[in-house]
Every structure is written in C-alpha cells, then in structure tokens.
Amino acid sequence: MAQNLTLRQRELLEKLSRTQDSREAKALCEAFLELEPEVEQEVKKPSTTQELFQQLMDGAAYSDGEIRDFLTRNGGHICKAYVPIVFSRQDTENDLLMQGLSAIPETYSFFYEGNHVLLVKFDHEPLPTPQLSAFIKNHGLCCGAGRPCGDLSQLSTFVRQGYDTLKYMQVLKRDAVFCTYDQFTMIRLLDRLQEGVDFNGFQIEDVRAIQNYDIENQTELSRTLLCYLENSKSTSRTAEELHIHRNSVYYRINKCTELLPEVDFDNGIMSFLVMLSLYIAQYDYYLGHK
C-alpha cells in the first residue's frame, strides 16, 4: 500500500517552504520527521454524488472525466464549470436544509466538515440568483463562494476558497450574507505573506490619518473609501453595498479627500496604493479579531 502525507505533514512542508529563518527551518524538519506517514487505504467506490464529493474533499484521486461520467450515470446534469458555495456552519447534517438545497435546479449539494456545500452552475450571471437569495434569507444563513471550477478533479481547492471566504467575511463583513473569494484576494495574499514581510513599509503614511479619525470619532471613513475605490468610484454602488444614502457617501469621501490632500484619486497608481494601505489596515483588524 502506498503512503500518503498527513494534513499536519503538509502544513509543516508549507511553512518550511516559506520560512527564511534557519532555526525555524531546522525545527520544522525535526517535527516533520517525527510524524508517521499515514497508510493510504483503498478508497471505496462512491454510490452517491454526495459520497463522491466528500471523497474528493478528502483527497481521492479521480479524473475530471471519471467524475463527469459518474454524474452522468447517476442522472446528474453536466455543465462546463461550477461555483462552490459554503454555507455558515451548521455542525449537523440538517435534513430540511439539505432538501432545500437539493431543490435548487442545476446544483449539487453535500455536507462536509460541519458545513453544507452547494455546487452551482456557472453561466456568467451574477450570484446569488433570486432563488438562492430567498433560500439564504429564509434560513438565516450567510455563505462564501469560491471561484468557478471547470476541472472537477481539483474541486477541493475551489471549495476551500469558499471556506476561506466565509472565514474572512465573518470578521471583516459581518453584515454581509454572500461574498465571493475575489473580494478577499488581497487579504488572502497578505495572509500568505505575513510571516516574512513587514507591511508597514507598503502603507501610505497619510492613510493612517483616516484610520485615526475613525478611531477618535467612531466613523467608517476607511471602510467607505475602500468600498468606493473597489466600486470604481461609483457612489450609487457604494451606497447600495454599505446600505447608506448616497449623500452619506459624498460626505464621507469629501472628508477623506480633506484628510488626504496630497492624494490624487484620478491617478491610478495612487488609488491602488491607497487601496493597498486600506487592505493592510483591514488585515491588521482581521488578525486582531479572528
């Protein structure tokens, strides 16, 4: 029987690949060698689509063709790509919730690690769909979506993106019910880099004036400015996302420009650097509240 690396061994190898400290590298190597590799047992062939997806999440090696053949044989629908959506933790496999998910057309649902997961057909239309939005509202859920997955043999990677999205949004966007992985791309990047990079050198010093103003006055200028820049400086989309009046957006952005007199928001590079500074501040908040 073949041997397979355990989750703990993979974590140690990942840390080893990123560390630049020789003492830490030695300690990681020693910890890795002390662990016993797990023996890979023969995987039992799945009998249902739910079993198939659970096996894929656990690392079972099936090709994209094999997976699609299985879905076809079991009366499933086939599409080019699927968006994985992970729902807020339920801990137990709720039959009513699973039945509700199964009733949504052109989807697959399964339960994994205490969460319900839904695979939705990707057809370039905005998510969530009206039916999915109603389901989320009726059950009082929030959910995070990964990127579209076209190769189902790599499904676990994209589902994990959904888990990461849910993790970030529950700290950084607590009032949101649906977020996508791309909304937290910069936070994920900072999370990967944080062990070896001093982010302070990448922040615009003047942006701290906005952060200090927010702390002193209990305002949300930083959040509003980041949302405004993410939405290509659209006041209407910013107001809609933050659930505030457009006049409030105008007021807050004008206040930001007063606090950042040297920043030209019509300069693309400068706008990006302001966004990066705000993402770093957002990530610092995440570290302190996760």
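This is a short walk through the structure above, from its nonpolar interior to its charged pairs and its backbone. The model is predicted, so local features need pLDDT of at least 70 and side-chain atom pairs count only at pLDDT 80 or more, while totals for chains, interfaces and linings use all residues. Residues are numbered from 1 along each chain as its sequence is written, and side-chain values use heavy atoms, with hydrogens and water left out.

Let us begin inside. In soluble globular proteins, nonpolar side chains tend to be buried together. Here the word core stands for a set of buried Ala, Val, Leu, Ile, Met, Phe, Trp, Tyr and Cys residues joined through side-chain atoms within 4.5 Å. Buried means under 20% relative accessible area, exposed means over 50%, and partly exposed is in between, with a 1.4 Å probe and protein chains only. The largest nonpolar core has 59 residues, and L225 and V274 touch the most other members. Helix 7, residues 155–172, gives the most to this core, with nine residues. Helices (H or I, at least four residues) and strands (E, at least two) are DSSP runs, numbered from the N terminus.

What does L225 touch, not counting residues up to four places away in sequence? Its partners are I210, I253, C256, L260, F265, V274 and L278, where contact means heavy atoms within 4.5 Å. Apart from this core lies another, of 15 residues, including L132, F135, I136 and L141.

Nonpolar residues also appear on the surface. L189, L193, V197 and F202 form a nonpolar patch there, with about 320 Å² of accessible area together. Patches are made of residues with over 30% relative accessible area and no salt bridge; like charges are joined within 9 Å, and nonpolar side chains (Val, Leu, Ile, Met, Phe, Trp, Tyr) within 5 Å. The areas come from the Shrake-Rupley method with a 1.4 Å probe, and for residues only the protein chains shown count as cover. One member of the patch, L189, is found in helix 8, residues 185–193, and is partly exposed, with a relative accessible area of 41%.

Next come the cysteines. A disulfide is a covalent bond between the sulfur atoms of two cysteines; here it is taken as a pair of cysteine sulfur atoms within 2.5 Å. The structure holds zero disulfides. For C79, the nearest cysteine sulfur is that of C149, 10 Å away, and C79 is buried at 10% relative accessible area. For C179, the nearest cysteine sulfur belongs to C142, 8.6 Å away. C179 is also buried, at 1% relative accessibility.

Now for the charged residues. Side chains of opposite charge can pair when their charged atoms come close. A salt bridge is a side-chain nitrogen of Lys or Arg within 4 Å of a carboxyl oxygen of Asp or Glu, and a search of the whole structure finds 11 of them. One joins D64 and R68, at 3.0 Å from N to O. These two residues are four apart in helix 4 (residues 64–73), so about one helical turn separates them. R68 counts as buried, at 14% relative accessibility.

Another salt bridge joins R160 and E113, also with 3.0 Å from N to O. R160 lies in helix 7 and E113 in the loop between strand 4 (107–112) and strand 5 (115–121), so the pair ties together parts that are 47 residues apart in sequence. R160 is partly exposed, at 31%.

K173 and E241 pair as well, their closest N and O atoms being 3.5 Å apart. This pair links distant parts of the chain: K173 is in the loop between helix 7 and strand 7 (178–180), while E241 is in helix 11 (residues 235–242), 68 residues apart. Elsewhere, D164, K167 and R188 are joined into one network by salt bridges that share partners.

The walk ends with the backbone. Most residues other than glycine have a negative phi, and most peptide bonds are trans. A cis peptide bond joins L127 and P128, with omega about 0°, and P128 is in the loop between strand 5 and helix 6 (130–139). E113, met above in a salt bridge with R160, has a positive phi, near 50°, and is partly exposed at 41%. S232 has a positive phi too, near 55°. S232 lies in the loop between helix 10 (221–230) and helix 11 and is exposed, with a relative accessible area of 59%.
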